[in-house]
Each structure stands twice: as structure tokens, then as C-alpha cells.
Amino acid sequence: MSHPALPARPVLSRAFLLAAMLLAVTVQAQSLLMFSSAHTAPKQFADGDRASGYAVNIGVAILRRAGFEPETRALPWARAIREVEVGHGVLAPVFSRTPEREQLFLFSLPVLEDAVVLVQDATRPFPFATPRDLIGKRVGTTRGARFGPELNAVLPQLRINEDGGPPQRLAMLLAGRLDAAVVAGGEQAVRYNAQRAGIALSRLRIVGNPLLLDSNHFAIARAHPEAETIMARINAAISRMKAERSLQRQLDDYRARY
């Protein structure tokens, strides 16, 4: 007695299986907002409707390695900090660690180290050795920025002007409205922003040594309900990428694009 033939099992192609695996990974990835400054090129800035810059790029790479699907937002810096402070996501790895900030935020392992430099008008130089030499000077910096302890200690004694970004700051310096400008990102950032402002680099004087080498971190509000879990995943990704030596390679590649 013959039996009805069973339907043949479909043969799944390797391409189909790979697509299914990739879909599963995508579904499992947790969405996470990452905030950055809109006005600190080439490190972090708004490029049309999207966030860009070498710190944004490396931040996205780390978050993806940690199993997140990041959504980036570039805002004025003080507003970006406030968004994270109230629990709306994480700050990109651009945040300086200070005792005051540690009361509100959890910080990741260090991601990158940036030189913070002092820029003068080449026609109006003044002697500079330590941040105390800035006391009483008109100094331009990014709104909401904080730096190392020595510079932070003298900030109340400076005539600080907080602005929208380095191109505006350099223009104000050459117009005589500032005595000096603080720029994060070293000579590369000064050169990049001078070009954006239409300023010849020869008109600027970058003071010899950096004001400081600033360690930059991800940050998340301590009040965020998943703060410790999220930061543990980010730190694990940073540690793996450092062990593989891929973190610095990727960062160097991203920096070279600007």
C-alpha cells in the first residue's frame, strides 16, 4: 500500500540564514540616544540634520559594540548636558570628569584624550605659563564647558565669554573682543575652525604647551533607571576594543577625515 508523499522540506540557503541571524541581532539591539555638541567641530558638531565629528563616530562604534543601536542628537552643549542629566540618554565620549559632575553622572572608562589649547591674536601676544596668567583676561570658551582642576579653579577670576562655537570665538579674538580663546581638540581643531571662519592660521598664535590633556568619557545620569547596566556594557566594549587595539586605530581614522 502506497503512502502519500510528504512535502519536501525547503532548503534554506546560506544567504537566507545569514539574513535571519542579522535580523535577530538587529531586533535584540537596544536603542540608545547619544547626545553631543552641535558647535565643537571637528570633534562633535551638527552636519545638517545629523551629528558628526570624530568623537561622535567613535562613540557610535563603541555603543554598537556594546549591543546598542545609537541614535545621535547634536544640540547646543549646555542643552545636551541637561538632556542627559534628566535621563534622556548618554553623552557622547566628549565629557570631562570633574568632582561636581560626578555627583550627577556616572562616567565611563576614558575613551580619548584631547589637547585643550590657548589661542591668542598673533599681533597681541601676552606671556602665558599657567592658567593663573589668564586672571582678569577676556577669555572665550564653549558654553557649559569645564576642564582640568587648575583651569577650573581660576575660571571665576576670568572675564569669560561663552559662545556658540570656535569659529565665532576666533573671529571675536581677532576683532579685539577677547584676549584669548580656549579651544578643545588641539592644533587640528584650531586649523579646522580657522578655515571655517575664513581666518588665516598665521594670524593666530597657539600657545606652546596645551592648557591640559583632557580625558574624555561617556556619561549617564545617576538617576537613569538603567545607568549602571548601560555603563557596564559600555565599559566592557571599551575594554574589549582597547585590548584588540582597535579603539585607537578607529579613532585615528576618524580624526584623519577632518
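Here is a walk through the fold, from the whole chain down to a few chosen contacts. Please keep in mind that this is a predicted model.

Let us start with the overall picture. The protein chain is built from nine helices and 13 strands. Of its 258 residues, 47% count as buried. The accessible surface of the chain comes to about 13,600 Å², and carbon and sulfur atoms account for 53% of that area. Contacts that span a long stretch of sequence are well represented too: among contacts between residues at least 6 apart in sequence, 71% join residues at least 24 apart.

Now to the strands. Strands of a sheet pair through backbone hydrogen bonds, in either a parallel or an antiparallel sense, and this chain offers examples of both. A good place to begin is strand β1, residues 30–37, which runs parallel to strand β5, residues 68–75, with eight bridges between them. If you look for M34 in β1, you will find T72 of β5 standing opposite. β1 also runs parallel to β6, this time through two bridges. M34 serves as a handy landmark here as well, since its bridge partner in β6 is V90.

From β6 we can step across to strand β13. Strand β6 covers residues 90–96 and is joined to β13 by four bridges, the two running antiparallel. Within this pair, L91 stands opposite A219 of β13. Strand β7, residues 105–107, is likewise antiparallel to β13 and is joined to it by three bridges, with F105 opposite A221. Strand β8, residues 112–121, adds another antiparallel pairing with β13, made of five bridges; in that one, V116 faces L212. So how buried is strand β13 itself? Eight of the ten residues in β13, which spans 212–221, are buried, so the strand is largely enclosed by the rest of the structure.

A smaller group of strands deserves its own visit. Three strands form an open sheet in the order β2-β3-β4, with antiparallel pairing. β2 (39–40) and β4 (50–52) are the edge strands, and each has a single partner strand, so one side of each is left without a neighbour in the sheet. Between β2 and strand β3, residues 44–47, the antiparallel pairing extends over two bridges. One bridge to look for joins T40 to Q44 in β3.

Turning to the helices, let us pause at M172, which lies in helix α6, residues 166–174. Is this residue buried or exposed? Its relative accessibility is 8%, under the 20% cut-off, so M172 counts as buried. Setting aside neighbours within four places in sequence, M172 is in contact with N161, R177 and L178. The C-alpha atoms of M172 and G140 are 8.4 Å apart in space, while the two residues are 32 apart in sequence.

Our last stop is a pair of helices, α8 (residues 227–243) and α9 (residues 246–255). Two packed helices are described by the angle and the distance between their axes. Here the axes come within 5 Å and cross at roughly 90 degrees, and α8 and α9 are therefore roughly perpendicular to each other. Which residues make the contact? From α8 they are I238, M241 and K242, and from α9 they are S246, L247 and Q250. Sorted by class, this contact has three nonpolar, two polar and one charged residues.

Terms used: Residues numbered from 1 in each chain as written. Predicted model: local features only at pLDDT ≥ 70, side-chain atom pairs only at ≥ 80, totals over all residues. Heavy atoms only, no water. Axes fitted to C-alpha atoms, helices over the stretch in contact; angles between N-to-C directions. Parallel < 35°, antiparallel > 145°, perpendicular 65-115°, else oblique. Contact = heavy atoms within 4.5 Å. Nonpolar A, V, L, I, M, F, W, Y, C, P; charged D, E, K, R; others polar. Buried < 20%, exposed > 50% of the residue type's maximum accessible area, 1.4 Å probe, protein only. Areas by Shrake-Rupley, 256 points an atom, 1.4 Å probe, with all protein chains shown as cover. Pairing = 2+ DSSP bridges.
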